[in-house]
Amino acid sequence: TTTTTTTMTTTTATTTTTTATTITSTTTATTSTTATTVSAATTRQNVIFDMFSGMTVGSGSFAGTGNGGAIDSANNIQEGGAYTGLSFKPQSTGSYFTLGLGTEGTSSSVAPSEIIFGFRVYTDARLYIVESGTIKVYGGTYKADDELVVYVNREGLVEYLQNGISQWNSTVAITYPLYVNLYTSSTDSRATDIQYVSASTVSKNNPSNASVLWRCAY
């Protein structure tokens with residue numbers, strides 16, 4: 001008798017499913033911008049002409065020796081800057097020069113038309129306000145050592161002062177930067193106390209009995 005034994009093996013497969021969870025972290029960067037404010041200067045600073053012809057120059061002064069021009073190319077007036085204008089004192093009533101704020105910043109060959117806002121100091125003690133070479137106001141006179149100021153005032157207008165008395169507010173829009181520009185055509189042209197000013201360093205004096213000699217040219 002033959003006996004056959006059959007053995008059955010059952011295999012159970014176990015499947016494991018792994019779920020991966022990905023966590024994304026988002027970082028938001030915040031940039032903080034701080035505006036830099038330039039305070040108005042509380043003291044004046046001498047203008048030093050570093051490019052010039054037809055004159056001798058010193059710190060805050062010049063003396064003409066003929067036709068010529070001069071600029072301070074190392075400094076300029078920027079919107080919102082510490083300085084907003086220029087002051088000076090003519091030293092001779094026989095002078096003939098134009099000094100003010102202009103566009104020439106690279107050469108001493110200054111043309112009168114490049115002086116956007118300025119005073120023209122003329123022979124026989126005559127004084128004019130000129131803009132881009134054009135006379136805007138006339139009829140003024142001056143003496144040696146009168147202080148003449150052309151600057152951007154607190155209202156944002158270019159204002160002209162003579163001995164602290166306001167003579168004219170310009171209506172011309174300001175384009176920056178502005179340079180101190182000088183044009184001279186007389187050997188007797190001389191000025192001292194040529195300085196950068198701000199509204200904080202300018203004293204205005206408008207007496208009610210001031211004699212108004214200036215006249216508009218248009």
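pLDDT is the predictor's confidence in each residue, on a scale from 0 to 100. It is a handy place to start here, since this is a predicted model in which local features need pLDDT of at least 70, side-chain atom pairs count only at pLDDT 80 or more, and totals for chains, interfaces and linings use all residues. Residues are numbered from 1 along each chain as its sequence is written, and side-chain values use heavy atoms, with hydrogens and water left out.

Averaged over the protein, pLDDT comes to 83, and 77% of the residues score at least 70. Over residues 1-37 the value is below 50, and this stretch has zero contacts in the model beyond near neighbours in sequence; a contact here means heavy atoms within 4.5 Å. A second weak patch covers residues 208-212, where pLDDT stays under 50 and the model has one contact beyond four places in sequence. As for the elements, helices (H or I, at least four residues) and strands (E, at least two) are DSSP runs, numbered from the N terminus. Strand β4 (residues 85-90) has the highest mean pLDDT among them, at 98, while strand β14 (residues 215-216) has the lowest, at 62.

Strand β6 (residues 115-122) makes a good entry point to the fold. Seven of its eight residues are buried, where buried means under 20% relative accessible area, exposed means over 50%, and partly exposed is anything in between (1.4 Å probe, protein chains only). Two strands count as paired if DSSP finds at least two bridges between them. On that basis β6 runs antiparallel to strand β5 (residues 97-102), with six bridges, and antiparallel to strand β7 (residues 126-131), with five. F119 of β6 sits in both pairings: L99 stands opposite F119, and the bridge partner of F119 in β7 is I129.

The same neighbourhood turns up again in the hydrophobic packing. A nonpolar core is taken as a set of buried Ala, Val, Leu, Ile, Met, Phe, Trp, Tyr and Cys residues joined through side-chain atoms within 4.5 Å. The largest one holds 34 residues, and F49, L86, F88, L99 and I194 touch the most other members. With four residues, β6 gives the most to this core. Leaving aside residues up to four places away in sequence, L99 touches F49, L86, F88, I115, G118, F119, V180, N181, L182 and I194. Apart from this core lies another one, of six residues, including V149, V197, A199 and V202.

Side chains of opposite charge can pair when their charged atoms come close. With a salt bridge defined as a side-chain nitrogen of Lys or Arg within 4 Å of a carboxyl oxygen of Asp or Glu, the structure holds five. One of them links E159 and K204, at 2.9 Å from N to O. E159 lies in strand β10 (residues 158-162) and K204 in the loop between β13 (190-197) and β14, so the pair ties together parts that are 45 residues apart in sequence. Its two ends sit in unlike surroundings: E159 is buried, with a relative accessible area of 2%, whereas K204 is partly exposed, at 43%. K143 and D146 also meet through their side chains, at 3.6 Å from N to O. Here K143 is exposed, with 53% relative accessible area, and D146 is buried, with 5%.

A further salt bridge joins R126 to D124, with the closest N and O atoms 3.8 Å apart. R126 is partly exposed, with a relative accessible area of 33%, while D124 counts as exposed at 61%. D124 belongs to the loop between β6 and β7; the hairpin of these strands has three residues between them.

D124 also comes up on the backbone side, since its phi is near 60°, a positive value in a residue other than glycine. D193 is another such case, with phi near 50°. This residue lies in strand β13 and is partly exposed, at 33% relative accessibility. Finally, the peptide bond from Y176 to P177 is cis, with omega near 0°, and P177 is found in the loop between β11 (165-169) and β12 (179-185).
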